[in-house]
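Student: I'd like a close look at one part of this model: how its strands and charged side chains fit together. Take your time and keep it connected.

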Amino acid sequence: MSQTSGNPPRRRPLRRALVAVVGTLGLAAAATTVTSPSAGAAVPPPPTGWTQVFADDFGGAAGSGVNTSNWQYDTGTSYPGGPANWGTGEIETMTSSTDNVSLDGSGNLRITPRRDGAGNWTSGRIATRRADFEPPAGGRLRVEARIQVPNVTGSAAKGYWPAFWMLGAPYRGNYWNWPGVGEIDIMENTQGLNTVWSTLHCGTSPGGPCNETSGIGGNTPCPGTTCQAGFHTYGVEWDRSASVEEIRFSVDGNNFHTVRENQVDATTWANATNHGYFIILNVAMGGGFPDAFGGGPDGGTQPGHSMLVDYVQVLSAGGSGTTPPPTGGDRDAYGTVEAESYDAQSGTMTEGSSDSGGGSNLGALANGDWAQYKGVDFGSSGATQFKARVAGGAAAGVSGLVEVRLDSRGNAPVGSFAVGNTGGWQSWRTIPANIARVTGTHDVYLTFTSGQPADFVNVNWFSFGH
């Protein structure tokens, strides 16, 4: 979504303790909801040469929440310490209530703005847990969704701002690096107009090489049926296969806007593209974008019109890809062992990392959790040091131990270090520790011990030294 404050809407990384769907708010606006036709379409199979790397067809019981293995909710009017009104000037409160975000039972996600009797607006916004969506080296990435924007036009649509967009992974854990880390707006719509806008945000704000806060954008009418009256497939194809990298935007397969690497300086492009992205779906009410086309909601705006999402899909094609981290043995103790390359685990999760190099990290680590790494070769000279790349956003006073055990979780640790809050769940630091001398080849266990049940650490990688 285009920003007006120079900062994107702030978000907080998902923790296990926060994965919940808030109970129904009981807002009176339900009577104004417009029933729209079902999408009636499954996620299409990947075309020849493409591989599906993520998909959600939003199947499930009517009135249920989204799959929190795939999605997390943004709630409130800002993130703690972040810009008010999500940094865009929008006026709604985002919730995880099924009044605002739910499945319709016919294979669609509904995101529905509501207004209560006092005139207060609520709506919904979800984002993928994964933040590693980017093309392989020399390859292509396609992100698409089949969407019907809220079926409301004219004065009744004043202030509506539905969007399908992406933010650069380094945003998670920093929250003040927009627009430098990049934003890819695949579909924005406002005021019930039959127009789709697509934009790349990058560089500095205001102004800069990407003309912020407007960005490098293009727009087109929806072909055939209007954006409001029917479903359309909105997509972006990010292409690293040519000498000049391109980001191409389309609706129903028709390319209408392209941003090329050579339109900006090399540093600006690298800062915006040398990492993964996460995906966002939301409907805002009011803000800078609607203001540019007539203003925010007023007494004539009708609440209860849903954005319907049939599916979201991410595809990858070509390129050299990313070499998966080794598993099942033959690991060099003195190289970097990626934490997510475990052979077995309990209690952990994998999430996109904003650490240097991107990729994924092991997260939501709490008392009793563990991960196993088979066949770590320490050689004959012996390791006496251990270090790990960790981050923590635990509350004050919450901390725990990262321990190294060999061959069995029941064996005593050969070394450990304590860690607490590092400034955030994606605020990374490398912590060293001494260990008892280890030679030969062993299965390594990382175990996590704390005097309380709350999550206390994420781990990106670890290594050993002499």
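Tutor: Two strands pair if DSSP finds at least two bridges between them. Strands (E, at least two residues) and helices (H or I, at least four) are DSSP runs, numbered from the N terminus. This is a predicted model, so local features need pLDDT of at least 70 and side-chain atom pairs count only at pLDDT 80 or more, while totals for chains, interfaces and linings use all residues. Residues are numbered from 1 along each chain as its sequence is written, and side-chain values use heavy atoms, with hydrogens and water left out.

A bit of scene-setting before we zoom in. The chain has 30 strands and 2 helices. Of its 466 residues, 56% count as buried (under 20% relative accessible area, with exposed meaning over 50% and partly exposed in between; 1.4 Å probe, protein chains only). Take the contacts in the chain (heavy atoms within 4.5 Å) with a separation of 6 or more: residues 24 or more positions apart account for 75% of them.

Let's warm up on a small open sheet. It has 3 strands in the order β3-β7-β6, and the pairing is mixed. β3 (93-94) and β6 (114-115) sit at the edges with a single partner strand each, so one side of each has no neighbour in the sheet. Look at β6 beside β7 (residues 121-123): these two run antiparallel and share 2 bridges. If you want a spot to click on, Arg114 has Thr122 in β7 as its bridge partner.

Now for the strand end of your request, go to β30, residues 457-465. This strand is mostly covered, with 9 of its 9 residues buried. Three strands will help you see what β30 pairs with. β25 (residues 383-392) is joined to β30 by 7 bridges in the antiparallel sense, and along that pairing Arg389 stands opposite Trp461. β23 (residues 360-365) also pairs with β30 in the antiparallel sense, over 2 bridges; there, Leu365 faces Val457 of β30. Then there is β20 (residues 337-338), antiparallel to β30 again and joined by 2 bridges. In that case the bridge partner of Val337 is Phe462 of β30.

On to the charged side chains. The structure holds 15 salt bridges (a side-chain nitrogen of Lys or Arg within 4 Å of a carboxyl oxygen of Asp or Glu). Start with Asp310 and Arg146, whose side chains meet in one at 3.1 Å, N to O. That pair links distant parts of the chain: Asp310 belongs to β18 (residues 307-318) and Arg146 to β9 (residues 139-148), 164 residues apart. Both Asp310 and Arg146 are buried.

Next, swing over to β14 and β15. Arg248 and Glu237 form a salt bridge at 2.9 Å, N to O. Since Arg248 is in β15 and Glu237 is in β14, the pair ties together parts that are 11 residues apart in sequence. Glu237 counts as buried at 14% relative accessibility. And this pair has company: Arg140, Glu237, Asp239, Glu246, Arg248 and Arg260 are linked in a network of salt bridges. It's worth showing those six side chains together on screen.

Another salt bridge to look at is Glu245 with Arg240, where the closest N and O atoms are 3.4 Å apart. Glu245 is buried at 11% relative accessible area, and Arg240 is buried as well, at 17%.

Finally, have a look at Val244, in the loop between β14 (232-239) and β15 (246-251). Buried or partly exposed, which is Val244? Partly exposed, because its relative accessible area is 29%. What does Val244 touch once you leave aside its neighbours within four places in sequence? The answer is Arg260, Glu261 and Asn262. For Arg260, the C-alpha atom is 6.7 Å from that of Val244, although the two residues are 16 apart along the chain. Arg260 should ring a bell, as a member of the salt-bridge network along with Glu237 and Arg248.
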